[in-house]
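Colleague: I would like to go through this model with you. Please show it, and I will ask as we go.

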Amino acid sequence: MKQYLFPQAAGIDTLELRDVPTPQPGRGQILVRMRAASLNYRDLNVAAGRAARGSVPANLVPLSDGAGEVVACGPAVDRVAVGDRVAGLFMQNWLGGDMEPYHVDSSRGGAIDGVLAEYVVFDQDGVVPLPAHLSFEEGATLPCAGLTAWNALYAGKPLRSGETVLILGTGGVSIFALQFARAAGARVIGTSSSQEKLARIAALGASDGVNYRTHPEWQTEVLALTGGRGVDHVVEVGGAGTLGRSVAAARIGGQVHLIGVLTGGEIDPTPILRRNTVLRGIYVGSRQMFQAMNAAVALHKLRPVVDRVFDFADAKAAYHHLKGQTHVGKVVIRIE
Ligand SMILES: NC(=O)c1ccc[n+]([C@@H]2O[C@H](COP(=O)([O-])OP(=O)(O)OC[C@H]3O[C@@H](n4cnc5c(N)ncnc54)[C@H](OP(=O)(O)O)[C@@H]3O)[C@@H](O)[C@H]2O)c1
């Protein structure tokens, strides 16, 4: 079978395609014929040799997010059957409850091998069924970006109908947050670097958009759009360079979900306490959250926004496309 790996991750172009023996599932394991994988911003860091716990292991198979069909089951598999359409968990062993350090050590495409391969062995506990209306390409977008947005809006103090959500930029996590918020009957305000992308999020249901290039003090625009009150939730993917403005754009007592690291900078903590802001760190999510999200995705017939699908042979081009940040939503690789 064919499998991508980074012998030593030192840039996108160090990705190599290899022929390797097809793995076989052991006790409690399943073999999945991967049909699609999707990229996240994190995969650019991994390609550059940066992983959550330091360096990237040699010969790492990249990408956390993928979907496919179960083609074989090892002994003692009773949760999954041949023919099931499944998506893998980002953290293979975070099934529910609070996150523990050892869960992070099971992160696909970072701590352990990922899914950019024709076949992948999973523990039977490390997958969830795909919502029936989704294609493999759509389903492959859920494990990291989808679940992170879901965790932000629902696993803490849940979003309620009529509340307002601020999304930053138009990448994978932010567009999922938009879709989940609209499905809940919430208002969405978005920021972006581009008018064209703001038009896209308007078409997806955002009530308002602010161009953060032409309005560097975008938080004042967001406050004006909410009558000076501020938003209820911020899906904070920007990091240190945007956090201060996100706090200012949130209402007193509002929730700022800390997700991303797109920008660097410094943050003055004083407004956080003066505004009673609730800062909540998010690290993807558990299988329990994934199943709750999939129930909502199935009920609302939500379709992930796929910007572009690349062929398996063009995996490097998919990375370069994500890096270029012209995308809206998700970048996907089809595995035929
Ligand atoms: N904590 C977690 O569990 C978790 C999970 C997933 C992702 N993340 C993090 O969340 C961030 C987003 O990930 P992703 O995969 O959704 O990224 P992505 O799909 O690559 O999206 C990146 C987009 O962010 C926007 N952006 C860039 N700089 C910005 C800025 N200064 N202010 C506002 N928006 C900006 C751009 O959209 P526009 O051109 O429209 O502005 C860009 O296209 C990354 O830092 C990633 O590491 C964390």
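Colleague: Which residues does V165 touch, not counting residues up to four places away in sequence?
Modeller: This is a predicted model: local features need pLDDT of at least 70, side-chain atom pairs count only at pLDDT 80 or more, and totals for chains, interfaces and linings use all residues. Residues are numbered from 1 along each chain as its sequence is written. Touching means contact: C-beta atoms, placed from the backbone, lie within 7 Å. V165 touches L159, A177, A181, A186, V188, V231, D232, H233 and V235.

Colleague: How many residues of α5 are buried?
Modeller: Helices are DSSP runs (H or I, at least four residues), numbered from the N terminus. Buried means 20 or more other C-beta atoms within 10 Å of a residue's own, again placed from the backbone. A177 and A181 are among the buried residues of α5. α5 is mostly covered, and its buried count is 10 of 12.

Colleague: How far apart are the end C-alpha atoms of α5?
Modeller: The expected span of a helix is 1.5 Å times one less than its number of residues. For the 12 residues of α5 (172-183), that gives 16 Å, which agrees with the model's 17 Å.
That is the end-to-end separation: 17 Å.

Colleague: Where does the largest nonpolar core lie, and why?
Modeller: A nonpolar core is a set of buried Ala, Val, Leu, Ile, Met, Phe, Trp, Tyr and Cys residues joined through C-beta atoms within 7 Å. The largest has 97 residues, and V165 and A177 are among those with the most contacts inside it. Domain bounds come from an automatic or database assignment. Both domains give residues to this core, so it lies between domain 1 (2-141 + 304-334) and domain 2 (147-281).

Note on methods. Helix = DSSP H or I, 4+ residues; strand = E, 2+ residues; numbered from the N terminus. Contact = placed C-beta atoms within 7 Å.
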